[in-house]
Amino acid sequence: MHTSALVLFSGGQDSTTCLAYALDRYERVETIAFDYRQRHSVELEARLVVLQNIRDQFPQWAAKLGEDHLLDLAVLGAVSETALTRETAFAMESGGLPNTFVPGRNLLFLTLAAAVAYRRDLQVIVTGVCETDFSGYPDCRDDTMKAMQLALSLGMDKRYLIETPLMWIDKAATWHLAAQVGGAALVDLIVEHTHTCYLGDRQHRHAWGYGCGACPACDLRAKGYAGYIASGAHQSV
Ligand code: ZN
């Protein structure tokens, strides 16, 4: 029986949905994020705002929501040259991966999350990785997650469960999942306070939230929200 979880929580739509999912299921939930000198610190600021709004608007969850961990991972920016950590344009590279790919990022995140989970005695690690709708990052794949679950469980001699609620659903279904666990109030919170845009744009407000409206992350978020609205699912929450 699992009762406690550590959520990889970046302050974006996906990880906020995962946090709500965990708060809905588990008795004790903590959050973790990594500062690897992202081009924009907007995400790191957004996550604190989201946490505060969850505490304010969802008292039944506030009681379960424990410590927030922010780990300094400047070393990741030092070893990788990507569009997320440098002022370079977004592009596809010859290997078919976008230049936003930070090699090994999720592997490092999960390893450090497991170390924190070990110390905090948390059983489940929840992450918003997704194979369905994203850029084909190899460290987001289901097989990678299963391999990490095994490696971390063996290497730390503790039975971890890595849970990936978004693995097989698209962005429209991610909005729908948020509506299922937190109702219209959670959808509104995600629209207003989570941050996804690669360019760090908090000036332009769309129906789906803030962003430049043109980068790949905005494009996915906008299309997902449009699909969610078109499905009519929002009318029943
Ligand atoms: Zn954008």
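Colleague: Why does Ile 169 count as partly exposed?

Modeller: In this predicted model, the relative accessibility of Ile 169 is 23%. Partly exposed covers the range between the buried limit of 20% and the exposed limit of 50%, so at 23% Ile 169 counts as partly exposed. Ile 169 is found in the loop between β5 and α7.

Colleague: Which residues are in contact with Ile 169, leaving aside its neighbours within four places in sequence?

Modeller: They are Cys 130, Thr 132, Thr 174 and Leu 177. In the case of Cys 130, the two residues stand 39 residues apart along the chain, and 7.4 Å separates their C-alpha atoms.

Colleague: What makes Asp 142 buried?

Modeller: The relative accessible area of Asp 142 is 13%. Buried means under 20%, and 13% therefore places Asp 142 among buried residues. Asp 142 belongs to helix α6, residues 142-155. Not counting residues up to four places away in sequence, Asp 142 touches Glu 131, Thr 164, Met 167 and Trp 168.

Colleague: How do you know that Asn 106 is buried?

Modeller: The limit of 20% serves here too. Asn 106 has a relative accessible area of 10%, so Asn 106 is buried. Asn 106 has its place in helix α5 and touches Val 129, Asp 139 and Cys 140, again without counting residues up to four places away in sequence.

Colleague: What makes Asp 157 count as exposed?

Modeller: Exposed requires a value over 50%. Asp 157 reaches 72% relative accessibility and therefore counts as exposed. Asp 157 lies in the loop between α6 and β5 (161-163). Its phi is near 50°, a positive value in a residue other than glycine.

Colleague: Where is Asp 121 found, and what is its phi?

Modeller: Asp 121 is found in the loop between α5 (105-120) and β4 (124-126). Its phi is positive, about 55°, although Asp 121 is not a glycine.

Colleague: Let us turn to the metal site. How do you know which atoms are the protein donors of the zinc ion?

Modeller: A donor must be an N, O or S atom within 2.8 Å of the metal. The SG atoms of Cys 197, Cys 212, Cys 215 and Cys 218 lie 2.3 to 2.4 Å from the zinc ion, so these atoms satisfy the limit and count as donors. Along the chain, the donors follow the spacing C-x14-C-x2-C-x2-C. Cys 197 and Cys 212 are 15 residues apart and link distant parts of the chain: Cys 197 is in the loop between α7 (171-193) and β6 (205-206), and Cys 212 is in the loop between β7 (209-210) and α8 (216-230).

Colleague: Why is the site of the zinc ion called tetrahedral?

Modeller: Four donors count as tetrahedral if all angles lie between 85 and 135 degrees. The angles among the four donor atoms are 105 to 116°, so the site is tetrahedral. For comparison, the ideal angle for four tetrahedral donors is 109.5 degrees.

Colleague: What sets Cys 197 and Cys 212 in their accessibility classes?

Modeller: The 20% limit decides both cases. Cys 197 has 5% relative accessibility and therefore counts as buried. Cys 212 has 23% relative accessibility and therefore counts as partly exposed.

Colleague: Why are α2 and α7 described as roughly antiparallel?

Modeller: Helix α2 (residues 42-57) and α7 pack at an angle of about 155°, and their axes are 10 Å apart. Angles over 145 degrees count as roughly antiparallel, so α2 and α7 receive that description. The contact is made by Ala 46, Val 49, Val 50, Asn 53, Ile 54 and Gln 57 of α2 and by Ala 185, Leu 189 and His 193 of α7. Between Val 49 and Leu 189, which are 140 residues apart in sequence, the distance from C-alpha to C-alpha is 9.9 Å. Val 49 has a relative accessible area of 36% and is therefore partly exposed.

Colleague: What makes α1 roughly perpendicular to α7?

Modeller: Helix α1 (residues 13-25) and α7 pack at an angle of about 70°, with 9 Å between their axes. The range from 65 to 115 degrees counts as roughly perpendicular, so α1 is roughly perpendicular to α7. Among the residues that make the contact are Thr 17 and Tyr 21 of α1 and Trp 175 and Val 181 of α7.

Conventions:
Residues numbered from 1 in each chain as written. Predicted model: local features only at pLDDT ≥ 70, side-chain atom pairs only at ≥ 80, totals over all residues. Heavy atoms only, no water. Donors = N, O, S within 2.8 Å, 3.2 Å for Na, K, Ca; no water. Tetrahedral: all angles 85-135°; square planar, octahedral: opposite > 155°, others 65-115°. Helix = DSSP H or I, 4+ residues; strand = E, 2+ residues; numbered from the N terminus. Buried < 20%, exposed > 50% of the residue type's maximum accessible area, 1.4 Å probe, protein only. Axes fitted to C-alpha atoms, helices over the stretch in contact; angles between N-to-C directions. Parallel < 35°, antiparallel > 145°, perpendicular 65-115°, else oblique. Contact = heavy atoms within 4.5 Å.
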